Amino acid sequence: MGREGALAVEMQAASLFAFGIARQVSVASVAMVSNAVDHGGAQFDTGSQEDGLRVLKAIAASSRISFAAA
């Protein structure tokens, strides 16, 4: 969060982070944006299966780094 404060809030992620603060545990959230406002294709198109696999691999790699540092 910058000096301006929260510029946007994603409802489920906000509750996850509130839980983390209340329980004093680390939490993380990954948001995958599906479409731009002007997107003309199918609704909620998040890309190919290969794109999804790349995202999952990146999540796994960052999780390993986070847990190793803890």
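Helices here are DSSP runs of at least four residues, strands are runs of at least two, and both are numbered from the N terminus. Keep in mind that you're looking at a predicted model.

**Exercise 1. Take stock of the fold and its surface.**

Work out how many helices and strands the protein has, and what share of its residues is buried.

*Solution.* Start with the secondary structure: there are 2 helices and 0 strands. Next, the burial: a residue has to fall under 20% relative accessible area to count as buried, and 3% of the 70 residues do. Finish with the surface itself, where about 6400 Å² is exposed and carbon and sulfur atoms supply 60% of that.

**Exercise 2. Check helix H1 from end to end.**

Compare the reach of H1 with its expected length, then look at what happens at its start and just after it.

*Solution.* H1 runs over residues 11–23, which makes 13 residues. From first C-alpha to last, H1 covers 19 Å, close to the 18 Å expected at 1.5 Å a residue. Now go to the start: Glu10 has a side-chain oxygen within 3.2 Å of the backbone nitrogen of Gln12. Then step just past the other end, where Gln24 has a positive phi of about 55 degrees. Most residues other than glycine have a negative phi. Gln24 isn't a glycine, yet its phi is positive. As for its setting, Gln24 sits in the loop between H1 and H2 and is exposed, because its relative accessibility is 74%.

**Exercise 3. Track down the salt bridge.**

Find which residues form the salt bridge, where they lie, and how open each one is to solvent.

*Solution.* There's 1 salt bridge to look for. Asp51 pairs with Arg54, and their closest N and O atoms are 2.5 Å apart, inside the 4 Å cut-off. Both partners belong to helix H2 (residues 49–69), with their positions 3 residues apart, or about one turn. An α-helix has 3.6 residues a turn, so residues three or four places apart point the same way. For accessibility, Asp51 is partly exposed at 25%, whereas Arg54 is exposed at 56%.

**Exercise 4. Place Ser63.**

Say which helix holds Ser63, whether it is buried or exposed, and how far it is from Ala28.

*Solution.* Ser63 is part of H2. Its relative accessibility is 28%, so Ser63 falls in between and counts as partly exposed. Last comes the distance: Ser63 and Ala28 are separated by 35 residues in sequence, while their C-alpha atoms are 9.2 Å apart in space.

Conventions
Residues numbered from 1 in each chain as written. Predicted model: local features only at pLDDT ≥ 70, side-chain atom pairs only at ≥ 80, totals over all residues. Heavy atoms only, no water. Salt bridge = Lys/Arg side-chain N within 4 Å of Asp/Glu carboxyl O. Buried < 20%, exposed > 50% of the residue type's maximum accessible area, 1.4 Å probe, protein only. Expected span 1.5 Å × (residues − 1). Polar contact = N/O pair within 3.5 Å; in protein donor to acceptor, adjacent residues only side chain to side chain. Areas by Shrake-Rupley, 256 points an atom, 1.4 Å probe, with all protein chains shown as cover.
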